[in-house]
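Please consult the sequence and the structure shown here alongside the briefing that accompanies them.

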Amino acid sequence: MITPDPNRVLIFDTTLRDGEQSPGCSMTQPEKLRIARALAELGVDIIEAGFPAASRGDWEAVNAIARETHGPRIAGLARCHRDDINKAWAALKDAAKPRLHVFLATSAIHRQYKLNMAKDEIIRTAVEGVKIARDLCDDVEFSPEDASRTEPEFLAEVVSAVIDAGATTINVPDTVGYTVPEEFYEVFRYLKQHVSNIDKAILSVHCHDDLGMAVANSLAAVRAGARQIECTINGIGERAGNCSLEEVVMAIKTRENQFKVHTGIHTTKLYPTSRLVSSITGMAIPRNKAIVGENAFAHESGIHQHGMLRNSSTYEIMRPQDVGLTRTSLVLGKHSGRHAFRERVKELGFEVSDAEFNQMFEKFKSLADKKKELFDGDIEALVMQAETDAPGPWQLLEVNVNTTPGEAQATIKLQHAEGRTEQHSVTAAGPVDAVIKAIETATQLKAALCKFEVRSVSIGEDAQGEALITVDHNGRSYRGVGISTDIIEAAARAFLEVVNRIETTRHSAERRAERSVMANP
Ligand code: KIV
Ligand code: ZN
């Protein structure tokens with residue numbers, strides 16, 4: 001896929017593949033579909049939907065995204081193995097614009113310790129992988145994993161061979177986040193100068209952030225001629241993460257005079273997309289995170305505020321509304337109607353269907369009964385809640401906690417989808433502990449609590465609290481988020497979401513096993 005505009009940089013989003021690989025970030029299929037839809041609205045050119053051969057769940061998610069997401073090209077990752085490539089193609093082939101992305105490590109360290117393969121074997125395997133992929137799909141990307149630590153001459157040899165074999169995009173990864181901008185610039189220049197067929201493919205860059213330079217390294221590659229950037233929302237990804245989409249896109253836009261290129265991203269969707277990914281993955285956005293952090297456009301010092309009042313360009317290089325930050329001090333309340341609520345949801349950058357809106361409006365009304373004033377943070381939280389509500393068998397009917405010094409008694413009433421109700425009281429050292437134990441007793445499901453965080457989603461004494469719980473169950477990590485004006489109820493909701501996720505995962509695994517027994521009796 002060669003772009004007709006030489007100054008257009010393609011944005012390849014890998015939130016659903018490399019991003020999902022980060023610990024605690026695994027997502028369910030409906031969550032992945034929701035993110036894919038948001039990425040399409042954001043205007044990314046390519047969505048890497050997953051690694052189909054990794055598991056049945058990954059395959060199904062890639063297949064659903066390929067069938068249901070319109071606009072961007074949909075890519076799936078595969079090793080240079082016939083079986084991996086066939087599985088990836090089976091998942092992707094229903095997409096309007098599919099891409100097969102094959103990879104093989106090329107550095108001396110990986111050749112010796114991971115693959116135990118000599119240089120000629122690497123070239124043969126890479127070429128064969130690309131040819132298999134190209135027989136299936138016109139659009140094939142090849143990544144020499146750990147390219148930044150590969151000998152430049154050998155890297156050039158591999159790149160030239162895979163372009164001859166049919167690769168249409170060559171992605172150069174800094175897999176371990178080791179390179180620095182000047183060095184990476186030279187790698188791209190070297191490939192441009194020493195690979196005679198390099199113009200037959202788009203050059204792409206894929207950086208990890210181990211030394212905090214993923215964005216700077218990606219921009220250096222663009223200066224040297226890369227025309228595709230691989231990145232993730234909020235920079236989530238393996239270890240320290242990947243190049244952050246919102247940062248690299250806003251750097252290109254804000255410093256157009258430096259880079260002289262552009263992307264097709266609708267930047268006003270950056271903030272809502274970032275909030276959506278944070279809320280689904282449970283990865284909080286640091287307050288001081290560039291572009292989308294809570295403080296990114298806040299001015300505290302008197303001198304700065306004075307300058308801002310005179311002219312915002314004194315201390316602001318971007319306008320908050322350009323990244324979709326349209327927060328106001330506008331307050332909604334119980335007398336606000338459907339129209340005012342719908343307008344605010346839209347102004348905050350969220351696209352919701354009529355059914356989703358109706359559900360949200362009901363929650364808005366019941367929240368407005370409890371809380372006098374509803375701020376933008378409350379409205380965002382309602383939208384996120386509707387989008388992340390994990391379907392599952394359990395529903396919270398009541399939660400009551402009595403605390404005395406050093407002790408708390410929690411009573412929980414839950415309803416199961418099959419109709420039965422469970423009510424249990426448990427005493428423990430603290431209220432959150434008691435609520436979790438009562439839910440465990442009611443649902444007969446035990447999980448080890450790894451993390452419990454609470455934050456306020458808006459302002460005022462009656463602000464809502466958001467509880468975030470991460471647990472470990474049978475070696476897998478599960479997250480739950482709960483929001484309420486009462487933080488103990490928020491914790492109960494977050495833990496119940498975790499239980500529902502575990503039950504849903506178990507149920508679909510059982511159904512898959514039954515289907516496979518029926519298919520292979
Ligand atoms: O970091 C990396 O090398 C990768 C490749 C599979 C592209 O994620
Ligand atoms: Zn990576």
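The points below concern a ligand and its surroundings, one helix, and three loop residues.

This is a predicted model, in which local features need pLDDT of at least 70 and side-chain atom pairs count only at pLDDT 80 or more, while totals for chains, interfaces and linings use all residues. Residues are numbered from 1 along each chain as its sequence is written, chains are lettered from A and ligands numbered from 1 in the order in which they are written, and side-chain values use heavy atoms, with hydrogens and water left out.

**Surroundings of ligand 1**

- The residues around ligand 1 (those with a heavy atom within 4 Å of it) are Arg-17, Asp-18, His-101, Phe-103, Ser-143, Glu-145, Asn-171, Pro-173, Thr-175, His-206 and His-208.
- By residue type, this shell divides into 2 nonpolar, 6 polar and 3 charged; Ala, Val, Leu, Ile, Met, Phe, Trp, Tyr, Cys and Pro count as nonpolar, Asp, Glu, Lys and Arg as charged, and the others, Gly among them, as polar.
- An oxygen atom of ligand 1 lies 2.6 Å from a polar side-chain atom of Thr-175.
- For Arg-17, the distance from a side-chain N or O atom to an oxygen atom of ligand 1 is 2.9 Å, and for Asp-18 the corresponding distance is 3.1 Å.
- The protein covers 95% of the 260 Å² of accessible area (Shrake-Rupley method, 1.4 Å probe) that ligand 1 has on its own.
- Helix H1 (15-19) and strands E4 (98-105), E5 (140-145) and E6 (169-174) are the elements that give two or more residues to the shell; helices (H or I, at least four residues) and strands (E, at least two) are DSSP runs, numbered from the N terminus.

**Helix H8**

- Helix H8 comprises 14 residues, 181-194.
- Pro-181, Phe-184, Val-187, Phe-188 and Leu-191 of H8 are buried, meaning under 20% relative accessible area, with exposed meaning over 50% and partly exposed in between (1.4 Å probe, protein chains only).
- Viewed down the axis of H8, the buried residues fall within an arc of 125° and so line one face of the helix; the arc is that of the directions from the helix axis to the C-beta atoms.
- Glu-182 and Gln-193, on the other side of H8, are exposed.

**Loop residues**

- Asp-45 is placed in the loop between helix H2 (29-42) and strand E2 (46-50) and is buried, at 15% relative accessible area.
- Asn-116, in the loop between helices H5 (108-115) and H6 (119-136), has a positive phi near 55° although it is not glycine, and is exposed at 66% relative accessible area.
- Gln-444, in the loop between helix H17 (431-443) and strand E12 (448-456), also has a positive phi, near 55°, and is exposed at 73% relative accessibility.

Terms used. Polar contact = N/O pair within 3.5 Å; in protein donor to acceptor, adjacent residues only side chain to side chain. Expected span 1.5 Å × (residues − 1).
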